[in-house]
Amino acid sequence: MIQFQNNEIIELPDITEITFNRVEKKYLKVVLLSTFINFFIGSLFFILFIEKIIAKKIPEYTGIFYFLFSCFVISIFIVLIVGFPKRKFAVRDKDVSYKSGLFIEKMVTVPFSRIQHIEIEEGVFSRLFKLAKISVFTAGDSSDDLEIKGITKEKALQIKEFISQKING
């Protein structure tokens, strides 16, 4: 009969030693462009709301609503720009990692042994800048477990091929 053992790990691997790669700088343009279009469309509805409801009922607060909305939009763009350099990825021998976040830092690492399939996607704006997104899916979940947005299509294809060889090989 085999004796069960559960030994204590004294020294953990240092995850900070991973050399992360930054996503393409062109991706910031994609993020800002798509955010601008979303806010532009949202602003039209917001202006209609203010002019049809707020301006008629409490006109003295109309300027405050416009000011607060403008501050909100500007702060979103500032957070996107300042947080952009925090988006990084690493592909190692046995796993792939992605980290991001300005206020709340998040790092996701997926070992190759858990990967079921990989998808490459090009959005409308990403395609204009020759960029892609690679999504990594693991077993037991219907959503992607790791996304790396803002890499060149060539790099995405290389990563997909490398991971595919590792998991099939």
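**Strand S6, its sheet and the core**

Glu 119 stands opposite Ser 135 in S6. Let's start from that pair and work outwards. Keep in mind that this is a predicted model.

First, the S5 side. His 117 also has a partner in S6, and that partner is Phe 137. In total, 6 bridges join S5 to S6. The two strands run antiparallel.

Now the other side of S6. Here the neighbour is S7, again antiparallel, and again joined by 6 bridges. One example: Ala 132 has Ile 151 in S7 as its bridge partner.

Put that together and you have the sheet. It is open, it has 3 strands, and the order is S5-S6-S7. The pairing is antiparallel. Which strands are at the edges? S5 and S7, as each pairs on one side only. Neighbouring strands are turned by 20 degrees against each other on average, ignoring direction. As a reminder, strands of a sheet pair through backbone hydrogen bonds.

Back to S6. Is it buried or exposed? Buried: 8 of its 8 residues are, so S6 is largely enclosed by the rest of the structure. Take the faces one at a time. In a regular strand, side chains alternate between the two faces of the sheet. On one side of S6 we have Leu 131, Lys 133, Ser 135 and Phe 137. On the other we have Ala 132, Ile 134, Val 136 and Thr 138. All of these are buried, and both faces are covered.

Next, the largest nonpolar core. It has 23 residues. Which of them touch the most other members? Val 96 and Ile 148. Several elements give two or more residues to this core. The helices are H1, at 26–57, and H4, at 153–168. The strands are S3 (95–100), S5 (115–121), S6 (131–138) and S7 (146–152). The largest share comes from S6, with 4 residues.

Why does this core lie between the two domains? Because domain 1, 26–83, and domain 2, 86–168, both give residues to it.

Let's zoom in on Val 96. Leaving out residues up to four places away in sequence, Val 96 touches Ala 90, Val 91, Val 108, Thr 109 and Val 110. Its list also includes Phe 112, Val 136, Leu 146, Ile 148 and Ile 163. Look for Val 136 in particular: we met that residue on one side of S6.

Last point. Apart from the largest core lies another one, of 7 residues. Among them are Phe 39, Phe 46, Val 73 and Phe 77.

Terms used: Residues numbered from 1 in each chain as written. Predicted model: local features only at pLDDT ≥ 70, side-chain atom pairs only at ≥ 80, totals over all residues. Heavy atoms only, no water. Core = buried A, V, L, I, M, F, W, Y, C linked by side-chain atoms within 4.5 Å. Buried < 20%, exposed > 50% of the residue type's maximum accessible area, 1.4 Å probe, protein only. Domains from an automatic or database assignment. Contact = heavy atoms within 4.5 Å. Pairing = 2+ DSSP bridges. Axes fitted to C-alpha atoms, helices over the stretch in contact; angles between N-to-C directions.
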